[in-house]
4 protein chains.
Amino acid sequence: MFTARDENFSERVRESFGRQGFMNHLGARLLSVAPGRVEIEVDHSGDLTQQHGFFHAGVTSAVADSAGGYAGFTLFPPNSSVLTVEFKMNLIAPAAGTTLRAAGQVVRSGRTLTFCNLEASVLTARGWALCATGQQTLMCLNDRPDR
Amino acid sequence: MFTARDENFSERVRESFGRQGFMNHLGARLLSVAPGRVEIEVDHSGDLTQQHGFFHAGVTSAVADSAGGYAGFTLFPPNSSVLTVEFKMNLIAPAAGTTLRAAGQVVRSGRTLTFCNLEASVLTARGWALCATGQQTLMCLNDRPDR
Amino acid sequence: MFTARDENFSERVRESFGRQGFMNHLGARLLSVAPGRVEIEVDHSGDLTQQHGFFHAGVTSAVADSAGGYAGFTLFPPNSSVLTVEFKMNLIAPAAGTTLRAAGQVVRSGRTLTFCNLEASVLTARGWALCATGQQTLMCLNDRPDR
Amino acid sequence: MFTARDENFSERVRESFGRQGFMNHLGARLLSVAPGRVEIEVDHSGDLTQQHGFFHAGVTSAVADSAGGYAGFTLFPPNSSVLTVEFKMNLIAPAAGTTLRAAGQVVRSGRTLTFCNLEASVLTARGWALCATGQQTLMCLNDRPDR
């Protein structure tokens, strides 16, 4: 549905992701990078839990926010950077699983603002189960290289 | 403005917070626990950054979500637990500072649902600067002890 | 995807919609009622505009809120009523068209809370164009008949 | 807290409000216009109700959205116009009252984006009761006069 203006979009996302100390601290990895869509995965560990041992909503939100931010970034021009303006998460089920996967999908990408849908699922004994849905607004900062 | 129904509210919050592996992984600490209001603080480190070295929006959201969740929890009856239904963050300024502080403040606490306002600030050379505002909906699970 | 527990779900939605004085004041009509999904339509008029002559965001939000609320209501048991807990709208394009159509789609329906996705489109010279996306949380009030 | 850059801010808001066909259709009136803060009021009538006779959440949202939009607009330069990017409403109590009052308060006004807090109250037999809180993001369109 979307075409990247910068042919190096994937490299640019991967390089920027590598500089996110927090994603590294979570043990999160980039699963896929396509024009307008990015997926991030993280395995469960005791470092990522809320008080009942499930993934903390802050982990779900963090990987969903990064997934959406980089989904938008794939469509931005070279020499730009991305800023999250706001996001909203509905935590529709406990994030009880062994792996958490978040996807950011661009819905509309304008000159200044980009809107994404966010989704997060957990891997359970019965397969992947949706645990959160979200919305996000991003801003493109032109002539401000991400690096 | 609010009165706790459980006189052990503070102890209960501190014990539950201690079980949040993720808050420990972030290096976050409980700053204050009052009926309807909780504050959490975390110091900057390279483990908590987005690609430009500021606090990652996921860190801001995680501590704000925990602050709001425990703000609500202070007003819940004994033998209950708390669930975040949804939350929304407006990231109104870059979280560029040496310490991040988030506050959760109950606006209305009903039998089933509780609504909170969230705020996060960063300590800069000029003092504390507001970097995010949010809203949160919590659910009280009765007869399901947090522990 | 969803099955209604009350075989009279459609009748119940239509009767309740008829009592929403505001939907009548807008000139809104129920377009479709299926288990977990409801669509509402309204034609453009000078009574529904913001300052530039487009549909007011308040109109878009009102029909989207009603569509989502009734989408949830289709899955509720008899003798219950529905309450919007919160909703969020991203206004991704100006609502410039001759007709506005909003759809509410249930994502997850629990015993107490139901989560919906909302979408609104406008009919333009080139066909239907998405103008807003949203999220909504509903509450089911058991043993409190809507009527 | 805020200073208007355009000394004619109040006149500009009032003139623009007058062109909102929808605010007129609701019977809404501007109650106050100050730099960074606008209040709008509307009286209850059978034209504004949901199925139980209370103010429809769409009415609450519409007046809150307009209040916030014009709160931001008071701080914009001449020859600009205002666009709602997104907003979020928590409906914390039934809007059961004889008058509904919504306030939009700017939290931060940047060159491109402005963030507002929204509040709505209803007049009950016991006085004003808060029924909704919200957040809103606005965009300033420079060199695009509102008229």
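**Close-up views of a predicted model**

**View 1. Chains D and B are related by a turn of 180°.** In this predicted model, chain D can be laid on chain B with an RMSD of 0.0 Å, using that turn and a shift of 0.0 Å along the axis. That is the relation of a two-fold axis. Of the interface residues of chain D, 100% are also interface residues in chain B, so the copies meet through the same surface.

**View 2. An open sheet of 12 strands is built from chains C and D.** The strand order is 1(C)-2(C)-4(C)-5(C)-6(C)-3(C)-3(D)-6(D)-5(D)-4(D)-2(D)-1(D), with antiparallel pairing. At the edges are strand 1 (29–34) of chain C and strand 1 (29–34) of chain D, each of which pairs on one side only. From one strand to the next, the twist averages 20°.

**View 3. Strand 2 and strand 4 of chain C pair in the antiparallel sense.** Strand 2 covers residues 37–43 and strand 4 covers residues 99–109, and seven bridges connect them. Val42(C) has Leu100(C) of strand 4 as its bridge partner. Helix 1 (residues 9–18) of chain C lies across strand 1 and strand 2 of chain C. The direction of helix 1 is at about 155° to strand 1 of chain C.

**View 4. Helix 3 of chain D packs on the sheet and touches strands of chains C and D.** The helix spans residues 57–73. From chain C, helix 3 touches strand 3 (81–90). From chain D, the strands touched are strand 2 (37–43), strand 3 (81–91), strand 4 (99–109), strand 5 (113–124) and strand 6 (127–141). The directions of helix 3 and strand 4 of chain D make an angle of about 40°.

**View 5. Thr49(D) sits in the loop between strand 2 and helix 3 of chain D.** Is this residue buried or exposed? Thr49(D) has a relative accessible area of 6%, under the 20% cut-off, and is therefore buried. Neighbours within four places in sequence left aside, Thr49(D) contacts Arg19(C), Gln20(C), Gly21(C) and Phe22(C) in chain C. In chain D, Thr49(D) is in contact with His44(D), Phe54(D) and His56(D).

**View 6. Strand 4 of chain D is joined by bridges to strand 2 and to strand 5 of chain D.** Strands 2 and 4 run antiparallel and share seven bridges, with Ile40(D) partnered by Ala102(D) of strand 4. Strands 4 and 5 are also antiparallel, with nine bridges between them. Val106(D) stands opposite Cys116(D) of strand 5. A hairpin of three residues joins strand 4 to strand 5 of chain D.

Methods. Residues numbered from 1 in each chain as written. Chains lettered and ligands numbered in written order. Predicted model: local features only at pLDDT ≥ 70, side-chain atom pairs only at ≥ 80, totals over all residues. Heavy atoms only, no water. Least-squares fit on C-alpha atoms with pLDDT ≥ 70 in both. Contact = heavy atoms within 4.5 Å. Pairing = 2+ DSSP bridges. Helix = DSSP H or I, 4+ residues; strand = E, 2+ residues; numbered from the N terminus. Axes fitted to C-alpha atoms, helices over the stretch in contact; angles between N-to-C directions. Buried < 20%, exposed > 50% of the residue type's maximum accessible area, 1.4 Å probe, protein only.
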